[in-house]
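The following report describes the architecture of a single protein chain. It proceeds from overall properties to the sheets and then to selected helices.

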Amino acid sequence: MKHRLPVEKFNFPVEKIRAGYYSDAYFLRTEEILNSDNHHPRVLMQIFTREHVVVCGTDEVIALFKTCAFNYENIVIHSLHDGDEVDAWETIMTIEGDLADFAHLETVYLGILARESRIATNVRNVINAANGKPVLFFPARYDIYTTQEADGYAAMIGGLKGFSTDANALASGGKGLGTIPHALIATYGGDTVKATDAFDKYVDPSIARIALVDFDNDCVNTSLAVARKLGRKLVGVRLDTSGTMVDKSLWNQIGRFNPTGVNAELVRNVRKALDAEGFDYVKIIVSGGFNPKRIAEFEAAGVPVDTYAVGSNFFDGNINFTADIVMVDGKPCAKAGREYLPNDRMEKIEW
């Protein structure tokens, strides 16, 4: 049986939302007109999207209604669950009640569904492309920090378990994962071995030792140098070569493939070099511009990647939800082309 997040999990600025601070102005004017005219028909609002998506944000929307609608006890909601996949035009939620009690929420709940479903869908697409290999959620730097907790929840719904910040990891009960940034290497004069050795000396032993090895644009030799220094303590190396650079190990291989950034031949060179010196236990993590298409190409080609770290791609694209009144006082009444589309997968929400 699927469970929903309790209302207490969310912290809404209730007074601002009820006052319409975050609402499109015409929704506020709608409430003003309905209340002033004492016009209170019972409407059925239907929410859908125009593409195949992983739905996320329904629990937050339900909590929004309970805390920020007027007379929520008179509102009836039927909804799918976070994590459900839907096809284009499939109804994901209906809201039945007096529009004057919840018109001010439309901007807010459509925004919640749009953002969280976009991330959950992008995550699911990446995971499917990764063919069962671990994927890390590393997009925090690409948006304002206040979204991190909700983004991490959406990523968890999409199927991810590894996050870069504690805020992203909150919903899953984990902690932020992280190894060594280029900045730390720079503080040790660009010496990756020294920086990784310092990490090993001073960071909790439970944290995996994963070296970032592209600082000198020489991933093969840097990987070997760190592996020789740390031995069995080294769990993995991360390749993050800039898309404008060609790693030194490829300078004599250029000809029949795109040599820039983290490419298949670079990964193979690192794997071959590590294995040749007995470091076959060292995993290879790749980052830098990975998306479902690129990951699928790596997997189809059998590139020896162990983990994919993905960043900005999780924010790519737009998923838009639309809310329409389709019934008024129990009778069909909808904009042309937006008829009532019942969905027996939805369940009634008990307040």
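The protein chain exposes about 17,200 Å² in this predicted model, and carbon and sulfur atoms supply 52% of that area. Of the 351 residues in the chain, 49% are buried. The C-alpha atoms fill a box of roughly 80 × 40 × 35 Å along the principal axes. Charged side chains comprise 37 positive and 47 negative groups, and the centres of these two sets lie 8 Å apart. The secondary structure consists of eleven helices and 14 strands. Among contacts between residues at least 6 apart in sequence, 73% join residues at least 24 apart.

**The parallel sheet**

Six strands form an open sheet with parallel pairing, in the order β7-β6-β11-β10-β9-β8. Its edges are β7 (162-163) and β8 (209-212), each of which pairs on one side only. Strand β6 (residues 135-137) is joined to β7 by two bridges in the parallel sense, with L136 standing opposite G162. Strand β6 also pairs in parallel with β11, here over three bridges, and F137 stands opposite V310 in that pairing.

Strand β11 (residues 307-310) is covered on both faces: T307 and A309 are buried on one side, Y308 and V310 on the other. Strand β10 (residues 283-287) pairs with β11 in the parallel sense over three bridges, and V286 has Y308 as its bridge partner. Between these two strands in the unit lies helix α11 (residues 292-300), and together the three elements make a right-handed β-α-β unit.

**Antiparallel pairings of β3**

Strand β3 (76-79) takes part in two antiparallel pairings, one with β5 and one with strand β14 (residues 347-348). Residue H78 has a partner in each: T94 in β5 and K348 in β14. The two faces of β3 differ in cover, since I77 and S79 belong to the covered face and V76 and H78 to the uncovered one. In a regular strand the side chains alternate between the two faces of the sheet.

The strand pairings described above are collected in the table.

| Strand pair | Sense | Bridges | Residues opposite each other |
|---|---|---|---|
| β6 and β7 | parallel | two | L136 and G162 |
| β6 and β11 | parallel | three | F137 and V310 |
| β10 and β11 | parallel | three | V286 and Y308 |
| β3 and β5 | antiparallel | four | H78 and T94 |
| β3 and β14 | antiparallel | two | H78 and K348 |

**Helix α3 and its cover**

Helix α3 (residues 58-68) is mostly covered, with nine of its eleven residues buried. The buried residues are T58, D59, E60, V61, I62, A63, L64, F65 and C68. Their cover includes helices α1 (14-18), α4 (106-129) and α5 (148-158), as well as strands β3 and β5 (91-98). Strand β3 thus appears both among the elements covering α3 and as the antiparallel partner of β5.

**N269 in helix α10**

Why is N269 classed as buried? Its relative accessible area is 17%, and the class requires a value under 20%. This residue lies in helix α10 (residues 264-276). Apart from its neighbours within four places in sequence, N269 is in contact with V220, S249, L250 and Q253.

Notes:
Residues are numbered from 1 along each chain as its sequence is written. This is a predicted model: local features need pLDDT of at least 70, side-chain atom pairs count only at pLDDT 80 or more; totals for chains, interfaces and linings use all residues. Side-chain values use heavy atoms; hydrogens and water are left out. Two strands pair if DSSP finds at least two bridges between them. Buried means under 20% relative accessible area, exposed over 50%, partly exposed in between (1.4 Å probe, protein chains only). Contact means heavy atoms within 4.5 Å. A crossover is right-handed if, with the strands pointing away from the viewer, the path from the first strand over the helix to the second runs clockwise. Accessible areas come from the Shrake-Rupley method with a 1.4 Å probe; for residues, only the protein chains shown count as cover. Lys and Arg count as positive and Asp and Glu as negative; His and the chain ends are not counted. The place of a charge is taken as NZ of Lys, CZ of Arg, CG of Asp or CD of Glu.
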